[in-house]
Amino acid sequence: MTETLSPQTILDELAGILPPAQLVTGQATDAYLTDQSDGTAAGEPLAVVFPKSTAEVAAVVTLAAANGIPLVPQGARTGLAGGANAITGAIVVNLTRMNRIVSVDKADQTATVEAGVRTYALARAAATAGLFYPPDPGSWKGSTIGGNVATNAGGMLCVKYGVTGNFVRRLTVVLADGSIVHTGQRTIKGVAGYNLTALLVGSEGTLGIITEITVGLLPAPAPASGVSATFSTTAEALAAAALIVTNNRRPSVLEFLDGSCITAINAFDPASTLPEGAAALLLVQSDAAGQAEDDVAEYARILDAGGAGEIVIAHDPAHLDKLMSARRLLQPALQAARGASLNEDVTVPRSQLQALLSGLQEISSELLIPISTGGHLGDGNLHPVIGFNPDLPAEVDAAHRAFKRVIQLAVTLGGSASGEHGIGLLKQAHLDDELGLAVRELQRRVKLAFDPASLLNPGKKL
């Protein structure tokens, strides 16, 4: 049996692999301990490394594997489930400096990027080439493509275009022993062997460290048109939204904010002018070529017939961008309103949305803890945000009890604990009810096939 190296010797070895500017130790690692989730645990890592190439990642992993050192892959830490949190004694592999856009191919309609490229940067590079990368999580200006792939992130446009995984073609991955593999194809079709690419998407760094991604792109959509509408009850808003999403004029955006979300966003951002005083607000857009304005006129008719109060139609990009920017402030605004928050991303069948919202209100009333809800009505993925004062133990306890009950409610309604944020640390305890013991055991066996020593992001996902 090979004798493992001491922590100091490991640090010396890392210093031989990476330049000084790419290696952080001691108290300087404190800036990289957690993602944006409140109340999740983190340990003190041995080091945080910032590789700039797949080869450097592989060298770090090879060293760690030989010495039984856990590894925590990390992007921009915009996650909300603790999936990127540091572990005591681990090497945190922060990929944000792997930020090259390798290529944008107009002929094949693909882009290849390193894992640290920001989502917004990829979207802009595609647009410059006359192409379109649809996945747009709320944190798209900060989040990385590697992080998006790790959690199979969604966003505002999922109702029409789908989630990150729908666009991933090919991955470069460093496995737990330091070897480098490529999964998938650049082509649209390819069924040679098992679909390991799909398995790695959403695996939260527990099966391998993704360093490079090839995504499919689409032709640029038409300029969007949109409409916003207020409602005096959430039931009216849901009913109108249901008619829109089942209409043959498919919206590209169908978003929901309840009254408390609107108030928090306006307080957080003085530039926000969302209409207050309503129980709910719907934001609906179309980007269909040659018919976006007609689509929006039809949406407005449906909203009006459904009892909407204030209806505002917008065709200019500045107005639409202002509305979407306000919607993206949901999580930070609610966190600021209470001091801390637990952020859900439960999904249910669209037919169960009213039952979900009614159940959330009951949980909030019973536990005396505020739950504000916004999210993606079009695909049944809502974001109940449980606000609490972190300095009051009773509120912290109530928030965590509410968090558990919200997940149980969603699963009971035929839904899932997570639609796009991932499981991380926060939601592991709730997976048996959703997946069942047999599936959970299969997943553990898959994990061990990729990572026999369980060194990759241990304690997360599973």
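**Reading surfaces and salt bridges**

Guide: Let's start with Tyr194, which is exposed, with a relative accessible area of 79%. Buried means under 20% relative accessible area, exposed over 50%, and partly exposed in between (1.4 Å probe, protein chains only). This is a predicted model, where local features need pLDDT of at least 70, side-chain atom pairs count only at pLDDT 80 or more, and totals for chains, interfaces and linings use all residues. Residues are numbered from 1 along each chain as its sequence is written, and side-chain values use heavy atoms, with hydrogens and water left out.

Visitor: Where is Tyr194 found?

Guide: Tyr194 sits in the loop between β9 (180-184) and α6 (196-200). Helices (H or I, at least four residues) and strands (E, at least two) are DSSP runs, numbered from the N terminus.

Visitor: Which residues form a nonpolar patch on the surface?

Guide: Tyr194 joins Leu196 and Leu199 in one, and together they have about 350 Å² of accessible area. Patch members have over 30% relative accessible area and no salt bridge; like charges are joined within 9 Å, nonpolar side chains (Val, Leu, Ile, Met, Phe, Trp, Tyr) within 5 Å. The areas come from the Shrake-Rupley method with a 1.4 Å probe; for residues, only the protein chains shown count as cover.

Visitor: Is Gly414 buried or exposed?

Guide: Gly414 counts as exposed because its relative accessibility is 55%. Look for Gly414 in the loop between α13 (393-412) and α14 (431-435). From Gly414 to Thr110 the C-alpha distance is 35 Å, and 304 residues separate them in sequence.

Visitor: How many salt bridges does the structure hold?

Guide: Side chains of opposite charge can pair when their charged atoms come close. A salt bridge here is a side-chain nitrogen of Lys or Arg within 4 Å of a carboxyl oxygen of Asp or Glu. The structure holds 16 of them. One of these joins Glu395 to Arg338, with the closest N and O atoms 3.0 Å apart. That pair links distant parts of the chain, 57 residues apart: Glu395 is in helix α13 and Arg338 in helix α11 (residues 330-338). Arg338 counts as partly exposed, at 35% relative accessibility.

Visitor: What does Lys447 form a salt bridge with?

Guide: Its partner is Asp451, and the closest N and O atoms are 2.7 Å apart. Both Lys447 and Asp451 are buried. Elsewhere, Asp105, Asp108 and Arg186 are joined into one network by salt bridges that share partners.

Visitor: And is Arg440 buried or exposed?

Guide: Arg440 counts as buried, at 4% relative accessibility. Its side chain meets that of Asp432 in a salt bridge (2.8 Å, N to O), while Asp432 is partly exposed, at 36%.
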